Amino acid sequence: MLTSFWQGVGTKLAERWVAALAPSMVFWGIGLAVTGLDAGSLAARPPAVQVLVLAGALLLVSASALLVRRLVFPLTRLLEGYGWPVSARGRLLVRAGKRHDALEKDYQRVNTRLESRELKPFDRLELLEARSRLELHLRRFPDEPDTEAPQRLMPTRLGNILRAAESRPADKYGLDAVVCWPRLWLVLPEESRKELGAARTAMDNAVAAMIWSALLLAWTPWTWWALVGPGAAFLTYRLWLLDRAADYGELVESAFDVHRGALYAALRWPLPAAPDQERALGESLTSYLWRGSDAAEPRFADEPE
């Protein structure tokens, strides 16, 4: 029984190890092919040399994979629009604002046409489909607050997708995602954590794929087609990363939709009795988690049995 157990553990560890190093092995394999190095000549070397070369290759593959993984988070932040020069950020914000305004105008135009009673059934169906597409695009932009708070719009598509997911729990429930998310994570069911973890891993893998694609430029002195690296990175961003980020953002928002009651219960914060109470109670809970409070209200709920 124990032998079978450890064999299963070893197999899973091997699968994870190969999955983590696969992009790095592909990258260095391409380099080995385009630089013309003869890997077959290694077989003619003494065993000690073979072991040293293989160990060095494994170290190189592992170290480069670890380095790229360390670059995923700062690159994600950069792709969101943080850390950009003020002038470039300003121009991108203007462009993002124009894109949002154009979508909003199209959405209003479609709604106006749908109010017409002279529409034919087929035309109405087309307009309903167009409205659904526009709603999906608009969901990738954060709603601007009604107060004098700073604008939420970000300069990049990725930044707006993640900012939209981050801002909706505050808009709907008064719960600031930046403050409440670490606490909510602690009370999420295991299955929800797995789904969120898988979605975040998929997004991180897309960013890592962008890095590996861009690094193909290193092989330009040996082959011209390595110049496709930046183009491949851009396509990865548009066709893979943005969709994965949208999936992750939907799951984060859904975690607040479904499990915020567990957060209230864990903190003994009184549950809203009606939707019109929720935003105010959520804002007070966010403030309590962020700064603490000496107030006498609201009273803590009784400990659950």
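**Entry 1: starting at Arg168**

I opened on arginine 168, which is buried, with a relative accessible area of 11%. For my own reference, buried means under 20% relative accessible area, exposed means over 50%, and partly exposed is in between (1.4 Å probe, protein chains only). This is a predicted model, where I take local features only at pLDDT of at least 70 and side-chain atom pairs only at pLDDT 80 or more, while totals for chains, interfaces and linings use all residues. Residues are numbered from 1 along each chain as its sequence is written, and side-chain values use heavy atoms, with hydrogens and water left out.

**Entry 2: the partner of Arg168**

Which residue forms a salt bridge with arginine 168? I found glutamate 253, with the closest N and O atoms 3.4 Å apart. Glutamate 253 sits in helix 8 and arginine 168 in helix 5, so the pair ties together parts that are 85 residues apart in sequence. A salt bridge here is a side-chain nitrogen of Lys or Arg within 4 Å of a carboxyl oxygen of Asp or Glu. Helices are DSSP runs (H or I, at least four residues), strands likewise (E, at least two), and both are numbered from the N terminus.

Glutamate 253 counts as buried because its relative accessibility is 6%. I then followed the links outward: Arg139, Arg168, Lys172, Glu250, Glu253 and Asp257 are linked in a network of salt bridges. Over the whole structure, my search gave 12 salt bridges.

**Entry 3: two pairs within single helices**

Still on helix 5 (residues 157–173), I looked at arginine 163 and glutamate 166, which are 3 residues apart there, about one turn of the helix. They form a salt bridge, and the closest N and O atoms are 3.7 Å apart. Is arginine 163 buried or exposed? At 16% relative accessibility, arginine 163 counts as buried. Glutamate 166, at 33%, is partly exposed.

Next I checked helix 3 (residues 86–114), where aspartate 106 and arginine 109 are separated by about one helical turn, because they are 3 residues apart. Their salt bridge has its closest N and O atoms 3.7 Å apart. Aspartate 106 is partly exposed at 30% relative accessibility, and arginine 109 is partly exposed at 43%.

**Entry 4: the overall layout**

I stepped back to the chain. How many helices and strands are there? The protein chain has 9 helices and 0 strands, and from the N terminus on its elements run α-α-α-α-α-α-α-α-α. Of the 305 residues in the protein chain, buried ones make up 32%.

**Entry 5: helices 7 and 8**

I looked at how helix 7 and helix 8 pack: their axes come within 8 Å and cross at roughly 165°. That makes helix 7 roughly antiparallel to helix 8. The axes are lines fitted to C-alpha atoms, for helices over the stretch in contact, and angles run from 0 to 180 degrees between N-to-C directions. Angles over 145 degrees count as roughly antiparallel, under 35 as roughly parallel, 65 to 115 as roughly perpendicular, and the rest as oblique. Helix 7 passes helix 8 in a left-handed crossing, meaning the near helix is turned anticlockwise from the far one by less than a right angle (clockwise would be right-handed).

Leucine 235 is in helix 8 (residues 229–266). It lies 9.9 Å from serine 213, C-alpha to C-alpha, with their positions 22 residues apart in sequence. Leucine 235 is partly exposed at 48%.

**Entry 6: the 7–8 loop and a surface patch**

Tryptophan 225 has its place in the loop between helix 7 (190–215) and helix 8, and is partly exposed, with a relative accessible area of 34%. I noted that Leu217, Trp224, Trp225, Leu227 and Val228 form a nonpolar patch on the surface, with about 550 Å² of accessible area together. Patches take residues with over 30% relative accessible area and no salt bridge, joining like charges within 9 Å and nonpolar side chains (Val, Leu, Ile, Met, Phe, Trp, Tyr) within 5 Å. The areas come from the Shrake-Rupley method with a 1.4 Å probe, and for residues only the protein chains shown count as cover.

**Entry 7: the 8–9 loop**

Last, I checked the loop between helix 8 and helix 9 (275–291), where leucine 267 lies. Leucine 267 and arginine 183 are 84 residues apart in sequence, yet 9.3 Å apart in space, C-alpha to C-alpha. Leucine 267 is partly exposed at 24%.

Arginine 268 is in that loop between helix 8 and helix 9 too. What caught my eye was its phi near 60°, a positive value in a residue other than glycine. Arginine 268 is partly exposed, with a relative accessible area of 29%.
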